[in-house]
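Subject: Structure handover

Hi there,

Here is the structure I promised to pass on to you. Have a look at it first, and then read on for my notes.

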Amino acid sequence: MTKTLKIDNLDVAIYETPVAMGKAAADFVQRKLSEAIAEKGSANLILATGASQFKFLDALKERDIEWQKITVFHLDEYKDISDTHPASFRKYLKDRILDAVNPKKIHFLNGDVDDVEAEMYQYSEALRNHPIDIACIGIGENGHIAFNDPPVADFNDPKLVKLVTLDEACRNQQLGEGWFPIFEDVPKQALTLTIASILNCKAISCVVPDERKAEAVYNTLYHDISEDCPATILRQHEETKLFLDAASASRIDNYATKS
């Protein structure tokens, strides 16, 4: 049984388990990629990282997708962390999906380069040259999308990629998910796609399991649209689908039921 609701433009689907949620999101992403390939012979995809994406990426890896026609980007990377660091998002994506599916091209956002400004510029240019067909994102415990925490979020950001300082809630989430042994080891800065960059994407799949995200989900759906909860802007995007499990949807009580 899937429970659904719609808040402004945002379609929400709630599944009993993270596995069912991940499979449904993978089906949605596969369909969007296939539509893009049928239309223009190729597709451009953004992938997210973090513990929230485990079940989705497991399912996506098993789908019948023409990866040799897909160019992949990702959302963010810590500053000054190498791609061999256990918490590196480049390493995460290679280990969890990219080495297995071998896309046509992968654009990695390198946080450990000497010239960060040049790295952000070239990544922005690559995004401009590859309009994104679907972005796969999540929502942080503080309501962030990518690393656009409330203090640095800007719905009208002129940049596509920027260097940000991570707030304490965000850094505590990274610690809580087990990526770093102690709080002091969590980087203070990261390179991230901006909210404007995410909103430029033709479609967005937002996967958000786990009870620790329930408050952020509630705020995303019911609070005023503002940078205080950056994910609220997803309610204005023309084609975004929010995938939840029973735990992350536990504060929602006014959904419609659909078989």
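Let me start with a small puzzle: in the hairpin of strand 1 and strand 2, which residue takes a positive phi? It is D8, with phi near 55°, and the hairpin has 2 residues between the strands. Please keep in mind that this is a predicted model.

**Strands 1, 2, 10 and 11**

The two strands of that hairpin, strand 1 (residues 2-7) and strand 2, are antiparallel and pair over 5 bridges. Within this pairing, K6 sits opposite D11 of strand 2. Strand 2 itself is mostly covered, with 5 of its 6 residues buried.

Strand 2 (residues 10-15) also runs parallel to strand 11, and 5 bridges join the two. Here V12 faces L242 of strand 11, and Y15 faces D245 of that strand.

Strand 11 has a further partner in strand 10 (residues 203-208), again in the parallel sense and over 5 bridges. In that pairing S205 has K241 of strand 11 as its bridge partner. Strand 10, helix 7 (residues 214-222) and strand 11 together form a β-α-β unit, and it is right-handed. Because 5 of the 6 residues of strand 11 (residues 240-245) are buried, this strand is largely enclosed by the rest of the structure.

**Nonpolar cores**

The largest nonpolar core holds 45 residues, and L45, L47, F56, L60, W67, I70 and I97 have the most contacts inside it. Among the elements that give two or more residues to this core are strand 2, helix 1 (18-40), helix 3 (89-101) and strand 10. Helix 1 supplies the largest share, 9 residues.

If you would like one residue to zoom in on, try I97: leaving aside neighbours within four places in sequence, I97 is in contact with L47, L57, L60, K61 and W67. Another core, of 43 residues, lies apart from the largest one and includes I145, L191, C206 and I233.

**Salt bridges**

Side chains of opposite charge can pair when their charged atoms come close. A search of the whole structure gives 19 salt bridges; here are a few that may interest you.

- D8, the hairpin residue from above, forms a salt bridge with R235, and their closest N and O atoms are 2.9 Å apart. D8 lies in the loop between strand 1 and strand 2 and R235 in the loop between helix 7 and strand 11, so far along the chain that 227 residues separate them. D8 counts as partly exposed because its relative accessibility is 47%, while R235 is buried at 9%.
- E239 and K32 meet through their side chains at 2.2 Å, N to O. E239 is in the loop between helix 7 and strand 11 and K32 is in helix 1, so this salt bridge ties together parts 207 residues apart in sequence. At 29% relative accessibility E239 is partly exposed, whereas K32 is buried, with 13%.
- R90 and E77 form a salt bridge at 2.9 Å, N to O. R90 belongs to helix 3 and E77 to strand 5 (residues 76-78), 13 residues apart. Are these two partners buried or exposed? R90 is buried, with a relative accessible area of 2%, and E77 is buried too, with 0%.

Finally, E141, E177, D210 and R212 are joined into one network by salt bridges that share partners.

Happy exploring, and best wishes!

Key. Residues are numbered from 1 along each chain as its sequence is written. This is a predicted model: local features need pLDDT of at least 70, side-chain atom pairs count only at pLDDT 80 or more; totals for chains, interfaces and linings use all residues. Side-chain values use heavy atoms; hydrogens and water are left out. Buried means under 20% relative accessible area, exposed over 50%, partly exposed in between (1.4 Å probe, protein chains only). Helices (H or I, at least four residues) and strands (E, at least two) are DSSP runs, numbered from the N terminus. Two strands pair if DSSP finds at least two bridges between them. A crossover is right-handed if, with the strands pointing away from the viewer, the path from the first strand over the helix to the second runs clockwise. A nonpolar core is a set of buried Ala, Val, Leu, Ile, Met, Phe, Trp, Tyr and Cys residues joined through side-chain atoms within 4.5 Å. Contact means heavy atoms within 4.5 Å. A salt bridge is a side-chain nitrogen of Lys or Arg within 4 Å of a carboxyl oxygen of Asp or Glu.
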